[in-house]
Amino acid sequence: MDVGPLTHFQLAHVAREHYVQGKSRVKIAEETGLSRFKVGRMLEEAVAQGVIRFEIVSTPGIDLELSMLLKQRYSLDHAIAVELPVDTDVEAATSLGTVAATLIEDLVGPEDILGLTSGRTLNVMARQLRSLPCRAVVQLAGVAGPIQESGLEVIRRLANLPEVQPWPIYASLIMSDAQTARGVLREPGISSAVEMFDEVTVALCAIGSWAPPNSLMMVNPAITEVDRARLLRQGVVAEIAATTLTDQGQVVRDLEDRSIAIREHQLRAIPARIGVAGGPSKTRAIRAVLASELLTGIVTDAFTAGRLLAG
């Protein structure tokens, strides 16, 4: 039933006093001579008649509905689906890196220690940052590919920010054999960074895809064609840091004793573990990492979020 002009005015007045002026129902009742129950019914009627309209304002460029669905589907603490103009790997890397930079202050605080892996997306993020509100930044994995896309480059950029204590790893991600890896891990500079793994409170991690191939780790010179063929036969489709995973999220440990990187159990011990990845070629890999429950959050694009929810 439509309300008359006087009733509409009364509803609007009560609504403004409560929602804009912040007055309690009891206070409004005292001022108007109405009972607090009548005031409550008027507020409900104001919503029903459209006098009050609620609007949830999301961050521009973020698909709030997809973000919430992604969070619920994979039982995550954080999920962000970024809207993109086109569904390409290049656009995803650029846009996700930019968004990750804007989210840093929501993810880390002055007492946190931030851990980072390598990747194009995280390098975009590092280029965008002008400050970093945390105690230290730790490189979680050695150099996987070209230096301009490595975790070392991310750390180098962040080390130039005010009051940032960097813990870099000047070594390749994968060694030729386990004995060489053990020797590298004993080197003073590297061992100091590795010891910081257990202190990390927030990790931002890139995700590499092995099927289809879009991975810096996969093309590491220490990984031979024989290694790649063996890992693919075992069903490896993704990696995070140096942990390789199947579609079901199962860990394949073939390269673990040759890697200079945070181990799976250490990564799981970090309270907040956020993956930053998207694009058509990364969808299968992201799904595998989410299946492993290695992440507590994901920053991806809306196209990829839709595929993850449809799968």
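**Exercise 1. Find which residue of strand 3 stands opposite Leu116.**

Leu116 stands opposite Gln139 in strand 3. Strand 2 covers residues 113-116 and strand 3 residues 136-139. The two pair in the parallel sense over four bridges. A pair needs at least two bridges found by DSSP. Strands are DSSP runs (E, at least two residues) and helices are too (H or I, at least four), numbered from the N terminus.

This is a predicted model: local features need pLDDT of at least 70, side-chain atom pairs pLDDT 80 or more, while totals for chains, interfaces and linings use all residues. Residues are numbered from 1 along each chain as its sequence is written, and side-chain values use heavy atoms, without hydrogens and water.

**Exercise 2. Work out the strand order of the open sheet and why strand 1 and strand 4 stand at the edges.**

Seven strands run in the order 1-12-11-5-2-3-4, with parallel pairing. Strand 1 (78-82) and strand 4 (165-167) each have a single partner strand, so one side of each lacks a neighbour in the sheet.

**Exercise 3. Describe how helix 4 meets helix 13.**

Start with the angle. Helix 4 and helix 13 (residues 302-310) pack at about 40°, their axes 10 Å apart. Axes are lines fitted to C-alpha atoms, for helices over the stretch in contact; angles run from 0 to 180 degrees between N-to-C directions. Helix 4 is therefore oblique to helix 13 (not under 35 degrees, roughly parallel; not over 145, roughly antiparallel; not 65 to 115, roughly perpendicular).

Next, the residues. Leu66, Leu69, Leu70 and Arg73 of helix 4 meet Ala302, Ala305, Leu308 and Leu309 of helix 13, with contact meaning heavy atoms within 4.5 Å.
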